[in-house]
Amino acid sequence: MVENEKHLQVWENCLRIIEQNILPEQFQTWFKPVRPVSLIDSTITIEVPSDYFRLYLDTAFIDIIKRTLRRVIGADARLKYRVAPVQGQPSMTVNAAAGGVSTNNAIAISAAAPSGNTGPLVFPTVKKIQIDPRLNPAYRFATLVEGECNKLGISAGMDISDKPGKTPFNPLFIFGGPGLGKTHLAQAIGNAIKDKYQDCTVLYVTGSEFKNQYIEATVVRNKLNEFLAFYMKIDVLIVDDIQDLHGQGNQSAFFSIFNHLHQHSKQLILTSDRPPKDLEDFEERLLSRFKWGLSVELGHPDYETRLAMLRARSQREGLLVDDEVLRYLAANIKSNFRELEGALVSMMAHATLTHRDCTVELASQVVETLICEQKNELTIDMVQKAVCDYFKISHDDLVSGSRKRQIVQARQISMYLCRTLIDNCPLALIGRETGGKDHSTVLHSCNTVNDLMSTDRNFKRYVDELQGILCPIFD
């Protein structure tokens with residue numbers, strides 16, 4: 001076989017194996033368009049039509065691809081993707097299975113005695129451990145589209161990535177509603193730091209993961225000291241969804257970790273769906289520390305920012321999408337980046353699978369589907385309308401400052417239902433939509449409703465009947 005044609009035969013052999021292990025329509029859609037480019041040593045490079053195509057292969061089929069390559073090429077087989085060039089731009093080559101984030105150096109952790117306590121004659125052992133940064137390589141500043149909604153956050157993040165732990169922005173507290181880019185921004189900072197300072201130990205963890213690790217360390221393994229020692233070795237700690245860090249024990253542990261890292265000029269980056277003042281069931285000493293650095297709110301993107309994001313994403317995916325189509329999507333999906341990006345990916349998937357062009361007609365079908373789904377989601381307006389209809393009062397009365405007993409009860413029930421029935425609905429938002437009340441008023445109203453439901457049978461019936469009215473809307 002001619003050496004420069006070897007990659008063709010190798011890939012053909014791989015396709016024969018893959019075809020026997022997946023559905024025919026999957027093979028036709030996701031493997032037929034792939035073209036082998038080169039085979040250098042044990043690394044084969046394949047060309048795919050778009051970055052979306054590459055991402056799908058790298059998630060849905062990467063296991064079978066790697067097994068097949070090892071079988072055909074050998075144990076050292078490696079895979080690279082080349083995304084087909086668009087409009088004369090250079091092609092992009094990407095390692096398989098994402099890649100792109102450098103690993104942390106191994107760090108030494110003191111391990112206490114099996115009991116978790118070290119006596120005067122018991123010396124802790126020292127072990128080296130490798131910490132996965134747990135960063136998504138796709139979340140970078142280069143893939144963030146800047147607008148008025150996130151300009152301050154991006155600017156602060158870039159400063160931090162240049163001098164982690166050495167800026168006034170420590171901690172950086174990023175908050176905002178779902179889909180506005182909190183995780184992307186937080187991890188972009190982490191990726192930029194790893195790019196510039198490879199010796200930095202960076203770790204991304206969610207609030208619920210931290211809580212579960214704490215329970216595992218204290219209840220199951222009795223190794224609290226090792227848990228604390230592990231986190232105190234981190235140079236850049238990113239905690240996503242810090243609002244999920246409920247429980248006095250794990251908050252005390254996090255308080256100790258926070259203090260240690262901050263005192264040693266280590267960088268802390270926290271994200272939340274609400275500002276520090278609206279976090280519920282948090283120790284005051286933690287809340288005060290969350291305010292030490294900079295709190296940044298990510299807002300809803302305006303039309304120009306939404307359009308810029310769609311243009312950038314479609315270009316990264318290697319797809320030629322008419323600007324009229326992108327303008328249609330930007331004008332009709334206004335909520336957040338996640339839904340906007342989801343609509344674009346959905347449209348591209350439909351176009352790829354059905355061999356259609358990305359047109360305004362196809363975009364309108366995707367938008368219509370999203371709107372239908374959103375109609376099944378409960379909103380504050382829907383709760384307030386149901387409460388007003390039930391108690392036969394006007395919306396103006398509901399959000400007013402009236403102290404009439406019926407109106408006060410209706411207002412309190414409305415706030416309670418918003419808090420309990422709408423996922424991740426911040427107290428501040430409920431208060432703002434209820435005549436500009438503050439979060440403490442909302443919390444007091446919710447507690448009052450809970451108390452009355454346990455002592456007043458008629459009051460409980462009101463709440464139960466309203467829940468019955470509202471439940472079918474979002475079930």
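This briefing walks through the sheets, cores, salt bridges and a few single residues of the structure above. The model is a predicted one, so please read every value below as computed from it. Two themes run through it: an open five-stranded parallel sheet, and a set of 15 salt bridges found in a search of the whole structure. The largest nonpolar core has 30 residues, and a second, separate core has 29 residues.

**The five-stranded sheet**

- Reading across the open sheet, the strands come in the order E8-E9-E10-E7-E11, with parallel pairing.
- Strand E8 (202–206) and strand E11 (294–297) are the edges, each pairing on one side only.
- Ignoring direction, neighbouring strands here are turned against each other by 15 degrees on average.
- Strand E7, which covers residues 172–175, pairs with E11 in the parallel sense through four bridges.
- To place that pairing on the model, start from Ile174, whose bridge partner in E11 is Val296.
- Helix H5 (residues 151–162) lies across E7, strand E10 (267–272) and E11. The angle between H5 and E11 is about 140 degrees.

**The nonpolar cores**

- Within the 30-residue core, the residues with the most contacts are Phe227, Tyr231, Leu237, Ile242, Phe254 and Phe290.
- Both strands and helices feed this core: E7, E8, strand E9 (236–240) and E10 each give two or more residues, as do helix H7 (207–220), helix H8 (224–231), helix H9 (248–263) and helix H10 (284–290).
- Helix H9 is the top contributor, giving six residues.
- Ile242 is a handy residue to centre the view on: leaving aside residues up to four places away in sequence, Ile242 touches Phe173, Phe254, Leu270, Thr271, Ser272, Phe282 and Phe290.
- The second core, separate from the one above, has Cys388, Ile393, Leu398 and Ile430 among its 29 residues.

**Strands E2 and E3 and their salt bridge**

- E2 and E3 pair in the parallel sense over six bridges, and Ile46 stands opposite Tyr81 in E3.
- The two faces of E3 differ in cover: Leu79, Tyr81 and Val83 make up the covered face, while Arg78, Lys80 and Arg82 make up the uncovered one.
- Glu47 and Arg82 form a salt bridge through their side chains, at 2.7 Å from N to O.
- This pair links distant parts of the chain, with Glu47 in strand E2 (residues 43–48) and Arg82 in strand E3 (residues 78–83), 35 residues apart.
- Glu47 counts as buried because its relative accessibility is 14%, below the 20% cut-off.
- Arg82, at 23% relative accessibility, counts as partly exposed.
- Arg35 belongs to the picture too: salt bridges with shared partners join Arg35, Glu47 and Arg82 into one network.

**Two further salt bridges**

- Asp235 and Lys266 form a salt bridge whose closest N and O atoms are 3.0 Å apart.
- Asp235 sits in the loop between H8 and E9, and Lys266 in the loop between H9 and E10, so this pair ties together parts that are 31 residues apart in sequence.
- Asp235 counts as buried at 17% relative accessibility, whereas Lys266 counts as partly exposed at 26%.
- Asp323 and Arg311 also meet in a salt bridge, at 2.8 Å from N to O.
- Asp323 is in helix H12 (residues 323–332) and Arg311 in helix H11 (residues 303–316), 12 residues apart.
- Both partners count as partly exposed: Asp323 has a relative accessibility of 29%, and Arg311 has a relative accessible area of 34%.

**Helix H15 and what follows**

- Helix H15 (residues 380–391) has 12 residues, which at 1.5 Å a residue should span 16 Å; the end C-alpha atoms are 17 Å apart, in agreement.
- The buried residues of H15 are Ile380, Val383, Gln384, Ala386, Val387, Cys388 and Phe391.
- As background for reading that list, an α-helix has 3.6 residues a turn, so residues three or four places apart point the same way.
- Cys388 of H15 is buried and is also one of the residues in the second core.
- Just after H15, Lys392 takes a positive phi of about 55 degrees.

**A glycine in helix H9**

- Gly249 lies in helix H9 and counts as partly exposed, at 30% relative accessibility.
- Gly249 and Tyr214 are 35 residues apart in sequence, with their C-alpha atoms 8.3 Å apart in space.

Terms used
Residues numbered from 1 in each chain as written. Predicted model: local features only at pLDDT ≥ 70, side-chain atom pairs only at ≥ 80, totals over all residues. Heavy atoms only, no water. Pairing = 2+ DSSP bridges. Axes fitted to C-alpha atoms, helices over the stretch in contact; angles between N-to-C directions. Contact = heavy atoms within 4.5 Å. Core = buried A, V, L, I, M, F, W, Y, C linked by side-chain atoms within 4.5 Å. Buried < 20%, exposed > 50% of the residue type's maximum accessible area, 1.4 Å probe, protein only. Salt bridge = Lys/Arg side-chain N within 4 Å of Asp/Glu carboxyl O. Expected span 1.5 Å × (residues − 1).
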